[in-house]
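Please look over the sequence and the model below, and then read this report beside them. The text goes from single elements to the chain as a whole.

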Amino acid sequence: NAEPREWNHFPATAEGSSLTLSFDLPEPDSYQLLTLRQVSVKPVWEVRLNGTKIGNLDRDHNDLELALPIPSGVLWASGNTLEIFTESQTPNDIRVGEIQLHAQSREVLTGSASVSVRVTDGAKGEPLPCRLTIVDTDRGTLPLLGTKSDDRLAVRSGIIYTLDGQATFGLKPGNYTIWAGRGFEYSVAEKEFTIKKDDRIQISMVLTREVDTTGLVACDTHLHTYEFARHGDCNLIERVITLAGEGIELPISTEHDQHIDYRVEAKRTGADRFYTPVIGCEVTTYEGHFNTFPIESGSKPAVHKQLLWPEVFKNIYATPGVRVAILNHARDVHRGFKPFDPAQFDAEAGVFTDGRELKANGLELINSGAQQSDPMQLVHDWMALLRSGHKIAGVGSSDSHTVNFAIVGQARTYIPCADEEASNLDVDEAVQSFVDGNTSVSFGLLTLVELKDDSVAVKVLGPGWTTADTLTLFANGKAIDELNIPKASGNRPNVKFEKSWDLKKLNLEPGSFLVAIAEGPGVTEPYWPMMPPYQPDTDVFEPFVMGISQALWID
């Protein structure tokens, strides 16, 4: 729709900036449904038949099948026109095609065969909340499913989150692959199957916990719903289901300038067995977005239409209960303002050249819903802030507004806290760990650092479906050792690599800090796809996984 080309894996020249098809129909009144296949859709693309809007393409980077009902009287016997276009001027390369008209409803189209799935915990044998991913094996597409979201399920094309580990859904006949997973800490199960008309297939799958996070809680500090944010596609019930399905133990509700409590719906649906919800808020100012928590129920939101940071932070910390303020996506532009713009932020010295003072105590290093082209850029910003005297914790979050476009908890923050009972976590303990800077950022890997006598010990963790291939140790923001992780080690589940350094040999000055970062290739399979950068600096996208340790200060 605009120049320049968005991604280099698309052709250098697009077939057009919109799609227009003309066609005739001998029996126009018999058609009820239009289906199509779409890939890499970001802004709003409209779908119109004979000038009547019948819907939009899904805002989703995945390869998926979309169904749009056709209103009565829209189609004609001859001279029909289908249009797919966008008015957005933000460059977006998409693929769209395999367009079909159907003389039956979606329910009939997807109801000729059905699949029943049951997923259990390998250790306990009990049903387990999880994510199911179904792909048309021959096309690689997330297909239409013959079921809908309810109090147990959150459903999109090819995706089902199930609160009780069970789901029954219709499918068109064909060859399929199904995966089951439960986020970073669990294995992924996979099965292939063929289904024919009138078949009724039953599938059992088992997941096992692969990453030992005892004493750590999985936290997503950046969560939204369509009901309150007014963009995205995930409603409140779907959100409480997806959180359980991805194994998030401490979710922070952060609607824009609203205090929304997940606890009522989580309790009603039974999802509260799996996590402890916390009320937070994304304070959406003209000069940056700040996630704040915990917030006492019934409190008024902070005044967010502020221009100056002193007033912004004054209002944030005046909100009853608030102890944490996280600067979100600091390299992205919102309302024409970028917090870490070189015009006001010295990225080497970690100071603001216009005299402003950052009173946030958290910084998003990985926002998996709004990634950076250079995943290390915000990490270097964070370490520069630490060098300049800021006491600020590293944060991983999803910024998810959706069921599948941005996966809940894909980037997450691990916080030391007693975790024996996920439904009744000590929020004060977790918040204190956060304020103390004891946070580890996980995006497919988890890197833990610890002082042991006169050495610093680093451990890289991850499930068997992610790979760690490098480990870098930083002192005061400078890389002082870089290691290649053996392939056999980096592919295994749980502890992928361990390494200790003698502190005396590192020759650190008192007051120094160490950070360890593990990296590896990204996941490209559809069971955990990674979003491209939100505001890219380059047309090259290389998926990655990363684990960033806390900053360990050396006295």
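## A helix, two sets of strands and some unusual bonds

In helix α6 of this predicted model, the residues Leu 378, Val 379, Asp 381, Trp 382, Met 383, Ala 384, Leu 385 and Leu 386 are buried. The helix covers residues 377-387, and because eight of its eleven residues are buried, α6 is largely enclosed by the rest of the structure. After the helix comes Gly 389, which has a positive phi near 105°.

### Strands β20, β21 and β24

How do the side chains of strand β21 point, and are they buried or exposed? In this strand, which is made up of residues 324-327, Val 324 and Ile 326 point one way while Ala 325 and Leu 327 point the other way, and all of them are buried. This fits a broader pattern, since in a regular strand the side chains alternate between the two faces of the sheet.

Strand β21 has two partners to consider. With strand β20 (residues 288-293) it runs antiparallel, and four bridges join the two; here Phe 293 stands opposite Val 324. With strand β24 (residues 362-367) it runs parallel, joined by two bridges, and in this pair Leu 327 of β21 stands opposite Leu 363 of β24.

Strand β20 also holds His 289, which counts as buried because its relative accessibility is 8%, below the 20% cut-off. A polar contact of 3.2 Å joins the side chain of His 289 to that of Glu 282. Leaving aside residues up to four places away in sequence, His 289 touches several others, among them His 256, His 329 and His 334, as well as Ile 326 and Leu 327. By contrast, the C-alpha atoms of His 289 and Ser 114, which are 175 residues apart along the chain, are separated by 45 Å.

### An open sheet of three strands

Another part of the model is an open sheet of three strands in the order β28-β29-β32, with antiparallel pairing. Strands β28 (446-452) and β32 (494-502) are the edge strands, each of which pairs on one side only. From one strand to the next, the twist averages 20°. Strand β29, made up of residues 455-462, pairs with β32 in the antiparallel sense over eight bridges, and Val 460 stands opposite Phe 497 in β32.

Thr 447 belongs to the edge strand β28. How accessible is Thr 447, and is it buried or exposed? Its relative accessible area is 0%, and therefore Thr 447 is buried. The side chain of Thr 447 reaches the backbone oxygen of Gly 547 at 2.9 Å. Not counting residues up to four places away in sequence, Thr 447 touches residues that include Val 458, Lys 459 and Val 460, and also Gly 547, Ile 548 and Ser 549.

### Unusual backbone angles

Most residues other than glycine have a negative phi, and most peptide bonds are trans. The table lists some places in this model that depart from that pattern.

| Place | Feature | Value |
|---|---|---|
| Glu 3 and Pro 4 | cis peptide bond | omega about 0° |
| Phe 293 and Pro 294 | cis peptide bond | omega about -15° |
| Asp 198 | positive phi | near 75° |
| Asp 399 | positive phi | about 55° |

Pro 4 lies in the segment before β1 (19-23), whereas Pro 294 is found in the loop between β20 and α5 (309-318). The two aspartates both sit in loops: Asp 198 lies between β14 (188-195) and β15 (200-207), and Asp 399 lies between β25 (393-397) and β26 (412-416). Asp 198 counts as exposed because its relative accessibility is 55%, while Asp 399, with a relative accessible area of 11%, is buried.

### The chain as a whole

The protein chain contains nine helices and 35 strands. Its radius of gyration is 24 Å, close to the 24 Å that the globule rule gives for 555 residues, so the chain is as compact as a globular protein of that length. Along its principal axes, the C-alpha trace spans about 80 × 55 × 50 Å. Of the 555 residues, 58% are buried. Among contacts with a separation of 6 or more, 73% come from residues 24 or more positions apart. The accessible surface comes to about 22,600 Å², and 47% of this surface belongs to carbon and sulfur atoms.

Definitions and conventions:
Residues are numbered from 1 along each chain as its sequence is written. This is a predicted model: local features need pLDDT of at least 70, side-chain atom pairs count only at pLDDT 80 or more; totals for chains, interfaces and linings use all residues. Side-chain values use heavy atoms; hydrogens and water are left out. Buried means under 20% relative accessible area, exposed over 50%, partly exposed in between (1.4 Å probe, protein chains only). Two strands pair if DSSP finds at least two bridges between them. Axes are lines fitted to C-alpha atoms, for helices over the stretch in contact, and angles run from 0 to 180 degrees between N-to-C directions. A polar contact is a pair of N or O atoms within 3.5 Å; within protein, one must be able to donate a hydrogen and the other to accept it, and residues adjacent in sequence count only if both atoms are side-chain atoms. Contact means heavy atoms within 4.5 Å. The radius of gyration is taken over C-alpha atoms; the globule rule is 2.2 Å times the number of residues to the power 0.38. Accessible areas come from the Shrake-Rupley method with a 1.4 Å probe; for residues, only the protein chains shown count as cover.
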